[in-house]
Amino acid sequence: MDREDQSKIEREQAFRQLVTTHTPYMRIVACTIVGQLQADDVVQEAWVSIYKGLPKFQHRSSLKTWITTITANEAKNYLRKQSRSPLLESLTDEHGEVMQERFDKSGRWSRPFAPWHTETPEALLCNDQLTDYMQRAIEQLPEQQRIALQLKECNGMSLNEICNILEVSPSNVRVLIHRARHKLLEQVENFR
Amino acid sequence: MLNCREIANHSSDYLEGRLPRSRRLAIWLHLMICSHCRRYLNNLKTLTASLAKRTPPAEDEAEIDKIMNRIKRETDKGTSE
């Protein structure tokens, strides 16, 4: 085997490792935007774009952010081609008011949360029933909230990065994530 | 002095360090005397941390093969054109 062949094999193996590492996160983004059935196509198209664009990647963002952005853009392109409605509309209400029914007129708790004395993030995740319940609760969130939450919490994107993908203002993104978290908090409270 | 509803409305910004110092101080003062809000913020912090710790399932090799084959087809198409 000559050096060129060897080099080609090494490049393919390296790229395969990249695909193995990043595809799980890309799939979350794709599923969140276009749904599970179409996520495969979106992920594959995204990888083609990534493969072509990788030599020109300038490290202005992290590789994961760049890859996630390409995936989200492919997902949005898919929606446009399907003539589906625009991904998101701007929120008209930018207030972060949540759980208003839990407070009395003076703003004090009328229905406070129960304590989670022994719960840590790890303990929550070890409870399979609860994690399944949380996953279903995430899937039932309004579309805008679900996407913002997944990009922030599962993909670790910053507010500005999420704004660029969702094409909404930073304050909109903050409100979406704030509301999504509280919907989940209420669901977990119901589960316990 | 902030009330509990206001603490809830600002909770995400507070936990992510996005509030100005004066507002953070006002919240801290409230938390000193309000166990309900302390508990609520603790629950919210735990929930948020658990969401961040979730790792997606690994892709199986067949799915990786599909992606690599798709890329190969695309690059072969580009070479032959």
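**Exercises on a predicted two-chain model**

In this predicted model, R146(A) touches T32(A), I138(A), E139(A) and L141(A), leaving aside residues up to four places away in sequence.

**Exercise 1.** Place R146(A) in its chain and decide whether R146(A) is buried or exposed, and how its charge is met.

Solution.
- Step 1: R146(A) lies in helix α6 of chain A, residues 143–154.
- Step 2: R146(A) is buried.
- Step 3: The nearest side chain of opposite charge belongs to E143(A), 4.7 Å away.
- Step 4: A salt bridge requires the nitrogen and the carboxyl oxygen to be within 4 Å, and R146(A) has no salt bridge.

**Exercise 2.** Describe the extent of the contact between chain B and chain A.

Solution.
- Step 1: Chain A contributes 57 residues and chain B 41 residues.
- Step 2: The two chains bury about 4,300 Å² between them.
- Step 3: Carbon and sulfur atoms account for 63% of that area.

**Exercise 3.** Find the charged and polar pairs between chain B and chain A, then state which elements of chain B supply its side of the contact.

Solution.
- Step 1: There are nine salt bridges between chain B and chain A.
- Step 2: One salt bridge joins R181(A) to E16(B), with the closest N and O atoms 2.3 Å apart.
- Step 3: Across the interface, 19 residue pairs are in polar contact, both residues at pLDDT 80 or more.
- Step 4: On the side of chain B that touches chain A, α1 (4–15), α3 (35–53) and α4 (61–80) each supply at least two residues.
- Step 5: α3(B) gives the most, with 14 residues.
- Step 6: By type, this side of chain B divides into 17 nonpolar, 10 polar and 14 charged residues.

Technical notes: Residues numbered from 1 in each chain as written. Chains lettered and ligands numbered in written order. Predicted model: local features only at pLDDT ≥ 70, side-chain atom pairs only at ≥ 80, totals over all residues. Heavy atoms only, no water. Contact = heavy atoms within 4.5 Å. Buried area = accessible area lost by both parts, 1.4 Å probe. Polar contact = N/O pair within 3.5 Å; in protein donor to acceptor, adjacent residues only side chain to side chain. Helix = DSSP H or I, 4+ residues; strand = E, 2+ residues; numbered from the N terminus. Nonpolar A, V, L, I, M, F, W, Y, C, P; charged D, E, K, R; others polar. Buried < 20%, exposed > 50% of the residue type's maximum accessible area, 1.4 Å probe, protein only. Lys, Arg positive; Asp, Glu negative; His and termini not counted.
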